Each structure stands twice: as structure tokens, then as C-alpha cells.
Amino acid sequence: MKKFPNFKGVLENIRGSVGSGEKSVKDRFTSWLCSDDQKGVPARLESEIIEALAPNHFKLERTSLHGFPFKPTAVAFDPVQKVLAIGNRHGSVRVLGKPGLDMSFQHDSRSAVIQLDWLANTGQLVTACCDDTIYLWDIKKEEAELVQSLRFNRERITCFYTALKSKWMYIGTDKGNVHIVNLDSFSLSGYTIQWNKAIDMMQTTHPGQVIHLSENPADPSKLLIGFETGTLCLWDLSNKKGEQRYSNMKKFYSVSWHWEGRQFVCSCSDGSLITWPLRPQAGKPTSIIFPHKKKGENSAKMSPIDKVEWVVSRDGDSYFIFSGGLPEDITGTQPSITVMQGKNVTVLEMEFCVLDFILITDSVYRSEQSNPECVIVLLSNDLVAIDLKSTGLPSYENPYAMDFQESAVTSCEYIVNCPPEIIPALYSLGCRGKAQAGWSMREWPISGGVDKGKDACTSQFELLVTGHADGSVRFWDTSTNCMQALCRVRTQKLFEKNKSGKVEGGPATEDDPYAITGITLSPDCKSLLLAGQSAQVMLFKLLKKDTVGEVACLEIPIIYEVSAERNTEASPNCEFPAKPPLSVASQSASYSGEGFEFEKKKIEYYVPIKVRAGQLKKPAGYQPDLICLTPWVNQEPPAPISCLHLNAVFGLLAYGNGSGLVVIDYIQQKCLLNMGTADLYGSNDPYQRMPCSPRHLPDSDSEDCIVKVDLRNFSQVQNNSGTPKDEKEKTVEGKKEAASVKTDENGTSSPAASKGTSSPAAAKENLTGAAGAGAKLKNTKPKTLQKGATGSSADESTLSKSRSSSVGSLDQVVQGEGVTSLHFASSFPTRGEFDISPCLFIGTSLGSILIIVIQIPENDKRDSEGVIVSPSCSIFRLKAPVLEICLLDSSLYLSQRVPPLQGVKATSRAGSSNSGGGGSGSGSPVPLPPQGDQQVRFIICRGRGSGYPVPLPPQGDQQVLAVATERGVAVYALPSQRLTGNNTLAEGVTVVRSGIVSWSGSKQSPLILLFTSSGTIKGLSLPSLRVMIEVNLVAANSPRITRTIQFSMGGSGVYFTNPNQIQKFSVNSEVIRVLKEAKGKLFQENLELPEEPKQGFLKGLFGGGPKILDREELFGESSGKASTSLAKVIPGQAKMQDLQGSSIGATSEVGKAKEKLVERGQKLSEIEDRTELMSNEAKIFAENSNHLMLHFKNKKWYQL
């Protein structure tokens, strides 16, 4: 026996009828049949879906880091392994090998790195930080391990030096002392060089901190110590005394030895190079030269030379390579690297400041002649390598992606599994714009590491698009560990240059008016939609050939303000008049009705940026197709573009800001809809709108106020006052149609002729009246806009709210509402109806989700007939701003990739062209399933003796609507619009970024990823919202991470850690495993250190050549013990593991010894028992012998 619906179901059906107008008996019966309150319907959609995701599929790990280290401070190069290390101000170290092989690690103290040094060919790196600690790192494994560290307590570390193939390290401090550390045990030696013994006995002042330490390449027993004040001391390690002292008149920065060890050169603060012999005569240097000072310019001030390297080639030519030393001017000094070979001086200008450089030669030993090969220069924002062996000293082409910093990154878009033909096409486009000449043809000098011979990618093509502050957009290939730049699009070239930044009577422009704030790509990556800082929206299309043509431009203001003058006259207790429907408001340019009369207001608008007019050359690649500008109104800038969406199948784009929404048909280049957010509700606005006082014009009366600005009234723009004839006709027509508006009992107004949702013909008539030509403004001067009524729901009264008793949220008073999320999809716009149609889902800052129905002509009529947009009566109410909207069909396929949806069971109604706005219509491009797949049943509805067959519509929900807000996630089933589940975050935590992505695999498994304000990533399965992962991604969230973090297919994501570096991560354990297996190692174990240079016969005979120093004897135990309060050894993770392994081994050895000891005791006990038994047997034998002797003692022999 079938159960009748309960009272709740009846009320819901009645409310649906009120929202959509009068329904026939057939429609009411259909709604009842499809309601969820009755029994006997098919199982719910969420119960039919089988989710394939499980928590063991998830694991968060950072996969790769790309870009240039942020604020670098130090650099070091291993000449044997050929790997480079760069340290920065925040305690991070980046190790680079061949392209695709790198490693990053972070000091726990996050102190700035002041110096780096490799222990050649050992895979160990020594770092010194501002926290006065020396760290020893091991990079032989996939991740760097801290071996141990040494922290100084009473002195600060200023520099250190480690000789080749030595386990002893010299450390200079701020007090002028030099300490020696054993790198094996990280313990201080008793051998210490005190500052008072290093300086001259006649010197009465402190020499300052130690800034240089180096051994004589020909005599390791001589240590050169440089102090801050310019004093140098040649210390004899064997005799423990200062052998020679040198005094520079100027402060020096660096020292470089001649390979023979008989002289060295100092770079000074006055731009000079001073050469000192090992034993100067009369305490004077050999030479003082100013490489860049011209003759006769003695008064010219030169910049300091920060570093110098002196090398002698095998041909005998001397090379001086240094940074700085150029003349100073008002604007400062040009950063440069100078290569001086004899009298030939070559100056290489750099784009950024030179922090340090490293000279690479064909020998790792400084005690022999060697040919210079290249110079690696560390700049403040780049890494440059100069080829010294090629003519003209060309630079190497940097294979790493390190030029993010050319312009600040303001937004990004990350796409996984993009079409495979896109990346090669973009790469070929980028190669066309590059100059092939000028780069060195030799191999990149940083070539260390071992590849495993596998392609380090996940068999998917990954594309990263970055928007920059200068208006440029760059494309990057991130498919492998080696990120590669593809091409660039410069949007600033599309606009006229405005040098002053102001217009007469207009406000000043932004600092970065062309900065890219939003990026959206179509699924095939052939259409690119961009949003800019000046509220400009630009559409680009990918073409293979160069073209010439104009760029279409639409100037569309998005302004919504409530009259402040009317608020003083209204009473909060009065019954407000009914609102006109959206169709009437959009058609009428001026509306007059009961309680809905407006006066025409004057508005000045101003466009800060202007599109270049005339024919423009469009090179192959992404070419501009349409630009939409948002003018300023009365010197008030428009709200920034908060969201934008593009659908290539529909041929539509939409964008919104804090004021309203714009929908564009970019095929016909026509504006379809431009409305304030409150207007989108129509007569179902649940909020009370607070008035806002707009800024008045300087020459306007104080009583004038802005009521509403709408694109559809831009046809009224005039240079002279007056109303055109066409405008008067439209006004009359608007009045006539306003008379047909009826008000029901609840105060909800609707056209008398529509009977619910307007028909497609009526919607087309109402919404396309003035949406085309009025959108284009060609005059650049400020104009006056004659503004009439628009029928806005917020323009009626103080509260701008009709007193409808069917709405229970009349007490909600809001001041503003913006559009925060947009999504095009084919869906069911009306509750309980199974007509599928193209729709636009709109999410607002107040948590509302509105649906606009779109009717698109057939393909052959797409260019001629207009697209019709009309509102639906569906409103979803949430409690937080909407961040993202997504639709899934019954096969869990994300609809935003390839619309229309697949797997949706829908029936075609008879006469769908006359159905409501939610109907598919004959012009809808959405394909329906074939008739063989539709199981149409009939029921008989009898009334007054007559019956007629009614086709039974499909039962059960067909789609899943997933919505991410700032407070959590909600899931609805369509078309019943039933809430199937929600997940709310903890109190005080909000969602700052969300992404609904597909999980990799044969079966589509959707997943929603949330990045919260606490720096946590939370993953939820769809549609059940089961928590798959919740783990911390960053310790502290930052605006840059919030702005740039992106999620994509397979659980991959990216975010910018700083202005120069982008971090890739993944929550997919399978992807992480594949990447680890394919990643190589930076350390090569089969390399051997070259042999030391052989000593010549004559040099050995006469005492020349390098001498042998027994450092173990000098610095070992015989030197004594250092003070325990001076420094403290802190074992690292690797050292602790070694100690733990050693302790485990010692414990096992002790156990074995104990077992052997027990066994020995047992054997001794057995021996003792046997000994006692033998003793007893001996006693018995003695007694028996005694008895036998006594028995035969007195008997003769013949008596026996």
C-alpha cells in the first residue's frame, strides 16, 4: 500500500510552486513523484556512487623547488663533483647539479648563511650561520643530513677556511682570534692563535675582526690572517709566531695568492689592487694599481673591489678577475666583472648586484699553473656563468628556471595533464623570439650528479602560467624536475602609454595598472582569459600564424549603490511596494510605477587605461581577441575582479567583482548581462540592503545621488543634454509593461503573462534589448550618463526588501555583496525538474549560489542569433563566502573539463521551446541520451471521467553540486537540490584556497582540497566528504602563499615560497613514489681526487715547491685541550644515527660476552665436579692401598 506524502513534502511543493509560478496538475504530480519524502523511489544518488579513494592513497610531500634562491648571501663550488651550493638570508641552502638534479635543506635556526665551503669530493658541505654555529651536512643520500654542529658561546664567527684534503678547519672570530676545529670529531683543538700575538708589538689598537684566512699554496705551514682594519699577518704554524706583517693604508676585502706562494694581491675599498711580496722591503708593497682609473683623474672616486682572483695560465699569462672598481657617479656604480689579462681589460656589466663569484680552472690545486675556464657569478637575483675560453667571453645559457624575479609574480595557474601538443607548440613559439647568437656553445659548467636514466615525470604534461606585475604572462613546462620557460605574452603592449598617469579631472592610476590578478585557461588550453589590476579582462586565443587586425573593446561599468536620500524618507514599519521582475528591469531603460520612480542622475566615468586603436600586429601564439574595461564612476575606482570563468563550448565568459556580474558572448563580442549582485536575486532577495553614500561630483548638487548604473542604459550616453527619440519610445514601452506586473499576497511580484519562469522567447525579448551596442564606448573624454530606473531590487526603499512572509530572513541587513565564484556547466536549474540546460552558477560573498539559465542557438546559427540568459528561481543559501563551485555527474566526472556532462539521464519534454527558463530548448547544444537508453513509462491521471497518459520523468538525482566556502564544504544533489552532506572547519579557521580536482587513475575519483588559514591542507572525498588527509603544509601562512597556491589533477599543487621560488608538492603517495624512483643523486661515488702536482727535481733540490705539514702533530692531542665553555658540540641526525648504531653494536657485543661468560662458568663448574670426583676416587684408592699394605706388611715372601 503506497504511502501519501507527509505535510512537509506538501509545503515544499507549494513553496516550489510559489517560486516558479503556477503549475499544471501534471507538473505538480511530477514534482510529488520526484520528491524525496515519499517511499518507493530509487536509491539516492550518493548511495549509488562507489568511491575509490582511501586514506592510504594520501601522503603530503614537497616534490621539487624551482627558481632562484631568495636573497642569497654565499656560494661554494666543488671542483671535483661539479656541484654548486647557494645559501640565503633565511638559512636555506640550495644545491645544484646538472639540470634536473637539485636539493634544498633548511637550518633549524633560520639564521643567515654567511659562508659555505665544500670538503672536496667527500659529499660534505660546511656552513657557517649568523647564530655563531658551524654545521656539517652530508648530501650523499637523497636528502641532506646534518652530521653535527659546533656552536660558539663567547665569540662570533666571521669566516673560516679549510685546506684541500685536510680535516682541520681554521675559524676566525670577531675578537680577532683564530681557532682550529677537527672536522671528524667537531672538537676544538688546543692550538689557538690570539690576536695580540698576531699583530705587531708596536701596535696599540685592536686589529678588528678576522675577515680572511688562507694558507700559502707553496708552504702550508704559513697561514695568512687578515684583519678588518687592513692589517695582515703571516703566521708560522710550526713555530707558533707571526713571521711577517703587512699594513694596508685602506680597508681591504679579499686576498688571492700567486701560485708560487711568493706574493699575493689585495682588493681594497678605494678601487685599487695592492700586490705584496712575501717579504717586503721597507714594509712597502710591490705595486698599487687602479684598473679603471684613467690617467689624470686622481680625484675620481672609485667603487671598492669586493673580490679578486689571481691565476696564471700554463702559457704564463696572468689573469686578474675582480668585481667592482668602476668609477662612482650620482646614480651609483654599475655592477660588473672585470677580466684583466695583461694590458687587455674586459668589463662585463651585470644586471644585478654582484654578491660573489667563483673562478673555475682546469686544476683543483692552487699550487700549480692552471688555465681559467669560466667564472660563476652570484648576483642578487640571478646566476651567471661566463666562458673564459671562448672569444668575446660569452655567457652560458642558464638551463635552470631562475628568472621569475624579472617582474613580481602576482598570480598563477597550474594545469596537470594538459593537451600534449600544447607544450611543444608553446616552446617553438618561445624559440622564435630568442636571439640564438651570443651564448657560449660549451657545456654548462655545473654538471655534477648521476641520473638514473628515467624520465622524472609522472607521464603527464604539466603547464604553469604565471602573471606578473608588469602585465606579462609567462608559460612554463613543469613536467620534469627541470622547469623550462616556454613563451611570454605581454599584455601591456595592447594599451596606450600614459606617461603622466592622470587625466584632466580624473584620478591617478595604480602603480602597476597592468598587473595580472587572475588567470583562466580553457580545457584545451587554446583560450586564455586574464584579469588585470585596473579591472580589465582580456581574452586571448592560440593561433599558429601571424595576423593583423584591431582588438575589440567593451567598456562595461559594474556599479551598484543604494540611494542615501530615500533612506531618510522611508519608515521601517511600512509595507514596501513589490519589486519588478528582472526581465522588466532589464528591458526598461526608465521605469515608473507605484513606489518605483527614479530621477535621472548625471554620472561621470573615466577609463584609466585605453586600448590601442588601429591595426595591430599579432604574432603567432596567444593573440588578443577581446578586451573588457571597467570605467571609474565619479572618481571611484571599481572593485577588483574577484573571479572569472571561461567556457569554450558555450562561447561565453563571465567575470565578477565586489559589485556585480558581467556575462560576455565572445563569439559575437556582445555583453549579455551586466548587473549588480542584488539584482540577480530578482524578487527573491532575502537580504535587507544597507544604503551607501556615493561620492558626489565636484560640480554637482549635494542632493544628487547615484541610484544604479547598468550597461543596458549605456545607450543613453550623450555629449549634449536631452533624450533621444528611441529612448523615449523605450521608456513608454517600459511603462506599459510595468502596468502588467501583479503582486501576490506575499508581496512577491511577477509578470501576469509569464506564469512562472519566463519563456525563452520572452527572456530573449527582455534580456537582449540593449545589451549589445551600448557596451562599446569609443570617446575617451568623460561623459555624462543620463540614468533612469533599472528596476533594481535594492533601489526601492531604505531596506530595499519586499515584505514577503514566505521568506524568513528579513532581519538580515547587509551593506554589500560581491561575486566570488563562477562556474559554467550543463545542469538542472529548476528544483525537481529534469530538463538539462547550460547554466551559470554564481557564488557570492554572502554565501548565496544563484543560477542563470543560458539558451544557446544551434551551431549553424551561433554567429547570427543571440544567446539568451535568464534567471532561475533556485537559490542555495550558505553561511560563508563561496570560493569554488563544481558539478559532478553520476560517473564522478568533473564537468568543468569537457562539458556537457556525460552520464546524465534526461528526457526531452514535448514543446520544450515553450518551457521555462530551465528547459533545454531546441537551441540548446546539450546532447541527450539516445531513445534506446530512455525508459519512458506512462501513468494515467484520471479527473472527471477522462484520462490522459503522462510520461513518467526519470526518478532520482542525476548530479552532485559541490560547493567550497570559507567555512567548509557542502554537497547538494540535483535536481532535488537536497543537501547530502557538509563538512565545517574548526572555529577560528577559514579556508583561503580550495580546489576540486580529479584523482589520477582509470576511474574518475573527484577530490576537494582545502588550504586553511592555519597552513593546513585538508582533503575530502566527493560526494561523501570523508576526510582523506589533514596535514600541515607550511608553518605560517602568508599572503603570497594564499595568492599563489594552486591545486590540480592527481593531488598536485604549487605555491610561491618567496618572490623568486616556486614549490611543487603532492598529496598522492603513488606520484611521490614514482618521483623518488626517478630522481637521481648529486654525489658521484666513482670520482677520484686528482693527484697533487709533482715537485720538480731542481725545486726539490734547492728547497722549492710545496712543503709537507703534519697538522695532526700540531693540532692533535699534543696541543692540549681547548676551553669547554668556548664552544659546544651538538650531534646531528646522521651523527645520532651513527652513535645509535654504535651503541646497538656495543650492546650486542656485551650480550655476546655475557653469554660466553655464563658458558665459561658452566664449564668451570663441570670441571670442578669432575675434579672433586677424581679426588674422592683417589682417597678411596689410597685407603685400599693402605689396607693392602698393612695386610702384607709382616708376612714373609714364602707366606704369600
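This passage describes selected strands, sheets, nonpolar cores and one buried loop residue in a predicted model.

Strand β8, residues 133-138, is mostly covered, with six of its six residues buried. In a regular strand, side chains alternate between the two faces of the sheet. In β8 both faces are covered: Thr 133, Tyr 135 and Trp 137 are buried on one side, and Ile 134, Leu 136 and Asp 138 are buried on the other. Strand β8 is paired with β7 (residues 124-129) through six bridges, and the two strands run antiparallel. Within this pair, Gln 124 stands opposite Asp 138 of β8. Three residues separate β7 from β8 in a hairpin, and Asp 132, in the turn, has a positive phi of about 60 degrees. Strand β8 also pairs with β9 (residues 145-152), in the antiparallel sense and over six bridges. Here Tyr 135 is found opposite Ser 149 in β9. The connection from β8 to β9 is a hairpin of six residues.

Two open sheets are described next. One contains four strands in the order β42-β43-β44-β45, with antiparallel pairing. At its edges stand β42 (643-647) and β45 (670-676); each has a single partner strand, so one side of each is left without a neighbour in the sheet. Neighbouring strands of this sheet are turned against each other by 10 degrees on average, direction ignored. Strand β42 is joined to β43 (residues 652-656) by five bridges, the two running antiparallel. Leu 646 stands opposite Leu 653 of β43.

The other open sheet is formed by four strands in the order β62-β63-β64-β65, and its pairing is antiparallel. Its edge strands, β62 (991-999) and β65 (1027-1032), each pair on one side only. From one strand to the next, the twist averages 15 degrees. Strand β64, residues 1016-1021, runs antiparallel to β65 and is joined to it by five bridges. Lys 1018 has Glu 1030 in β65 as its bridge partner.

The largest nonpolar core holds 35 residues, of which Leu 426, Leu 463, Phe 475, Phe 495 and Tyr 622 touch the most other members. Two or more residues each are given to this core by α5 (422-432), β30 (462-468), β31 (472-477), β32 (484-490), β33 (516-521), β34 (527-532), β35 (537-543) and β40 (621-629). The most is given by α5, with four residues. Residues up to four places away in sequence aside, the contacts of Phe 475 include Leu 426, Leu 463, Leu 464 and Val 465, along with Leu 486, Val 489, Leu 528 and Tyr 622. Apart from this core lies another, of 24 residues, among them Leu 652, Ala 654, Val 819 and Ile 842.

Gln 536 is located in the loop between β34 and β35. With a relative accessible area of 1%, Gln 536 counts as buried, because the cut-off for buried residues is under 20%. Two polar contacts of its side chain are noted. The side chain of Gln 536 reaches the backbone oxygen of Pro 513 at 3.3 Å. A polar atom of the same side chain, that of Gln 536, lies 2.9 Å from the backbone nitrogen of Ser 534. Not counting residues up to four places away in sequence, Gln 536 touches Phe 495, Pro 513, Tyr 514, Leu 530, Ala 531, Ile 609, Cys 628 and Leu 629.

Note on methods
Residues are numbered from 1 along each chain as its sequence is written. This is a predicted model: local features need pLDDT of at least 70, side-chain atom pairs count only at pLDDT 80 or more; totals for chains, interfaces and linings use all residues. Side-chain values use heavy atoms; hydrogens and water are left out. Two strands pair if DSSP finds at least two bridges between them. Axes are lines fitted to C-alpha atoms, for helices over the stretch in contact, and angles run from 0 to 180 degrees between N-to-C directions. Buried means under 20% relative accessible area, exposed over 50%, partly exposed in between (1.4 Å probe, protein chains only). A nonpolar core is a set of buried Ala, Val, Leu, Ile, Met, Phe, Trp, Tyr and Cys residues joined through side-chain atoms within 4.5 Å. Contact means heavy atoms within 4.5 Å. A polar contact is a pair of N or O atoms within 3.5 Å; within protein, one must be able to donate a hydrogen and the other to accept it, and residues adjacent in sequence count only if both atoms are side-chain atoms.
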